[in-house]
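Trainee: I have a new model open and would like to go through it with you. Can we start with the overall picture and then look at single residues?

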Amino acid sequence: MSMGGWRYVAASVIGTSHEKTGAACQDANDCRIYASSAGEKVLVAAVADGAGSAVCGGEGAAATCRALLGLIDEHFGSGRTVEQVTKDKVASWIATIQNLLAEEAKAVSRERRDFACTILGLIVGESCTACLQVGDGVIVLADSEEHAYGHVFWPDRGEYANTTHFVTEDGTVEHLQFEFINRRVVEAALLTDGLQTIALNYQQRTAHEPFFKGLFAPLRTAKDGCSRELSDSLAAFLSSPRVNEKTDDDKTLVLASRIDAGLATPAV
């Protein structure tokens, strides 16, 4: 099968519960395409959700996404490859992010926990992929042989109901989930917990395929890189009554595809 370059869209929108209280959106995302030293195109994406109980959760989410992509940029800038992304390497990135958040907190007379957030990260090369996650949210992937969408990690819940783990916690590495996938990934989605009830089948513990097939279809016809028009359309969809009647939380979704539109499996 022939594959084109990466096309991607991303949107973070405020939930109706935050709109009612006048709060800001606490979700954040970042997505880029890097060129490795070997010349391959590498898709890198990060999604974070600020803790509802954290005063600066939204700022923490934005800073965490920004810091993670900066560290990945340094990784590739030094000539390293996707294959050299290990759990130990990711753990060192998390430690660096914690220090950065502590510095930001100190600058505004806050504690690091005031910037609490989850993080999902994805690094996709030509033939392998590195995935990382702390907390809830979901990474969903499709490979080149079958376009069935499967989650990498099931959302990580904390000790009590409606809780999860955050980047800012002591002992975060114990809750760091990491997986290295030695196969070609052609489509990927990252989403925060505000979309979990729509994007996942909890009874079967699977990704809800119709949700993803419908959203990926227009992306496959887009030009390489980020489609601003489709990103705006995605934001409008996430803010629509159709979605808001199912979830009142902030919502973030990143979608990326390198399937040639003419060869893609039609959406159903």
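Mentor: We will take the whole chain, then two helices, then some residues in strands and loops. Keep in mind that this is a predicted model.

Trainee: Fine. How many helices and strands does the protein have?

Mentor: The secondary structure comes to 7 helices and 13 strands.

Trainee: And what is the radius of gyration against that of a compact globule?

Mentor: The protein has 18 Å, and a compact globule of 268 residues would be near 18 Å, so the two agree. Along the principal axes, the C-alpha atoms fill a box of roughly 55 × 45 × 35 Å.

Trainee: What share of the residues is buried?

Mentor: Of the 268 residues, 53% count as buried. The protein exposes about 11900 Å², and carbon and sulfur atoms supply 47% of that area.

Trainee: What about contacts between residues at least 6 apart in sequence: what percentage joins residues at least 24 apart?

Mentor: That percentage is 72%.

Trainee: Charges next. How far apart are the mean positions of the positive and negative ones?

Mentor: They are 3 Å apart, with 24 positive and 36 negative charges in the protein.

Trainee: On to helices. Which residues of helix 5 are buried?

Mentor: Helix 5 runs over residues 209-219, and its buried residues are F211, F212, L215, F216 and L219. They cover an arc of only 105 degrees around the axis, which puts them on the same side of helix 5.

Trainee: And which ones are buried in helix 6?

Mentor: In helix 6, residues 228-238, the buried ones are S231, L234 and L238. Seen down the axis, these fall within an arc of 60 degrees, so they line one face of helix 6.

Trainee: What does the face turned away from the buried side of helix 6 carry?

Mentor: That face carries the exposed residues E229 and D232.

Trainee: Back to helix 5 for a second. What do F216 and L219 have in common as contacts?

Mentor: Both are in contact with A256. A256 is found in strand 13, which spans residues 251-259.

Trainee: Is A256 buried or exposed?

Mentor: A256 has a relative accessible area of 2%, and the cut-off for buried is under 20%, so A256 counts as buried. Leaving aside neighbours within four places in sequence, its other contacts include W6, R7, Y8, L43, V186, E187 and A188.

Trainee: How far is A256 from Q84?

Mentor: Their C-alpha atoms are separated by 22 Å, and the two residues are 172 apart along the chain.

Trainee: Anything else in strand 13?

Mentor: V254 is placed there too. At 1% relative accessibility, V254 counts as buried.

Trainee: Which residues does V254 touch, leaving aside neighbours within four places in sequence?

Mentor: V254 is in contact with V9, A10, N29, C31, A45, V47, A188, A189 and L190. A188 is also on the contact list of A256.

Trainee: Let me switch to loops. Where is A54?

Mentor: A54 lies in the loop between strand 3 (41-49) and helix 2 (57-77). Its relative accessible area is 7%, so A54 is buried.

Trainee: What is A54 in contact with?

Mentor: Outside its neighbours within four places in sequence, A54 is in contact with Q26, R113, D114, F115 and A116. The C-alpha atoms of A54 and E111 are separated by 9.9 Å, and these residues are 57 apart along the chain.

Trainee: And D224?

Mentor: D224 is in the loop between helix 5 and strand 12 (225-226). With a relative accessible area of 46%, D224 is partly exposed. Contacts beyond four places in sequence are G5, W6, R7 and K41. W6 and R7 also appear among the contacts of A256.

Trainee: Last topic, backbone angles. What is phi at S109?

Mentor: S109 has a positive phi of about 60 degrees, although it is not a glycine. Most residues other than glycine have a negative phi. S109 is found in the loop between helix 3 (87-107) and strand 4 (119-124), and at 71% relative accessibility it counts as exposed.

Trainee: And what about phi at R205?

Mentor: Phi of R205 is near 55 degrees, also a positive value in a residue other than glycine. R205 sits in the loop between strand 10 (200-201) and strand 11 (206-207). At 47% relative accessibility, R205 counts as partly exposed.

Conventions:
Residues numbered from 1 in each chain as written. Predicted model: local features only at pLDDT ≥ 70, side-chain atom pairs only at ≥ 80, totals over all residues. Heavy atoms only, no water. Helix = DSSP H or I, 4+ residues; strand = E, 2+ residues; numbered from the N terminus. Rg over C-alpha atoms; globule rule 2.2 N^0.38 Å. Buried < 20%, exposed > 50% of the residue type's maximum accessible area, 1.4 Å probe, protein only. Contact = heavy atoms within 4.5 Å. Areas by Shrake-Rupley, 256 points an atom, 1.4 Å probe, with all protein chains shown as cover. Lys, Arg positive; Asp, Glu negative; His and termini not counted. Charge placed at Lys NZ, Arg CZ, Asp CG, Glu CD. Arc of directions from axis to C-beta.
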